[in-house]
Amino acid sequence: MEHTDLLEIIVDNNFSEMEMAIHPNDGEDLDLYTLDHNLIFYSGSSLEKFKSGEGQLGEGTLRLLNNCQLGTLSISSYLLGRLQYCEKALLIRDKNKLFVTYRE
């Protein structure tokens, strides 16, 4: 499983509910190199729960955008609510699954 460093969360009100973006260099940490990726999003604070399939949010799009600052995660306000309004998160990718982990 690939992962990013801790990312600061920024809300982008132009995003659809299940859309997020990171800088391409952060995407490289996840072994992603093209612009758009359709993944199944998960959220939570436990990697064990992710591995067992808990915390699924649904299918969404992760975009790699140059105008997204390095070290930030731009997300919709809907996703921010699902992440319990945390300020920082870590992304972990396992094939077509993306786990957004945060501290409660």
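**A guided tour from methionine 1**

Select methionine 1 and display its surroundings: apart from neighbours within four places in sequence, this residue is in contact with Leu47, Phe50, Lys51, Ile92, Arg93 and Asp94 (contact means heavy atoms within 4.5 Å). The model is a predicted one, in which local features need pLDDT of at least 70, side-chain atom pairs count only at pLDDT 80 or more, and totals for chains, interfaces and linings use all residues. Residues are numbered from 1 along each chain as its sequence is written, and side-chain values use heavy atoms, with hydrogens and water left out.

Remain at methionine 1, which belongs to the segment before strand 1 (2–3). Add lysine 95 to the selection: 94 residues separate the two along the chain, yet their C-alpha atoms are 7.8 Å apart.

Next, colour the chain by secondary structure. It contains 3 helices and 8 strands, where helices (H or I, at least four residues) and strands (E, at least two) are DSSP runs numbered from the N terminus. Followed along the sequence, their order is β-β-β-α-β-α-β-β-α-β-β.

Now select strand 3, residues 19–22. Which residues cover its two sides? Glu19 and Ala21 lie on one side and Met20 and Ile22 on the other, and all are buried; buried means under 20% relative accessible area, with a 1.4 Å probe and protein chains only.

Extend the selection to strand 5 (residues 56–64), which pairs with strand 3 in the parallel sense over 4 bridges. Two strands are taken to pair if DSSP finds at least two bridges between them. Within strand 5, leucine 64 is the bridge partner of isoleucine 22.

Then add strand 6 (residues 72–75), whose pairing with strand 3 is antiparallel, over 2 bridges. Here methionine 20 has isoleucine 75 of strand 6 as its bridge partner.

Finally, display the whole chain. Its C-alpha atoms fill a box of roughly 35 × 25 × 20 Å along the principal axes. Of the 104 residues, 44% count as buried. Among contacts between residues at least 6 apart in sequence, 75% join residues at least 24 apart.

Show the charged side chains last. There are 9 positive and 17 negative ones, and the centres of the two sets lie 7 Å apart. Lys and Arg count as positive and Asp and Glu as negative, while His and the chain ends are not counted; each charge is placed at NZ of Lys, CZ of Arg, CG of Asp or CD of Glu.

How values were computed: Buried < 20%, exposed > 50% of the residue type's maximum accessible area, 1.4 Å probe, protein only.
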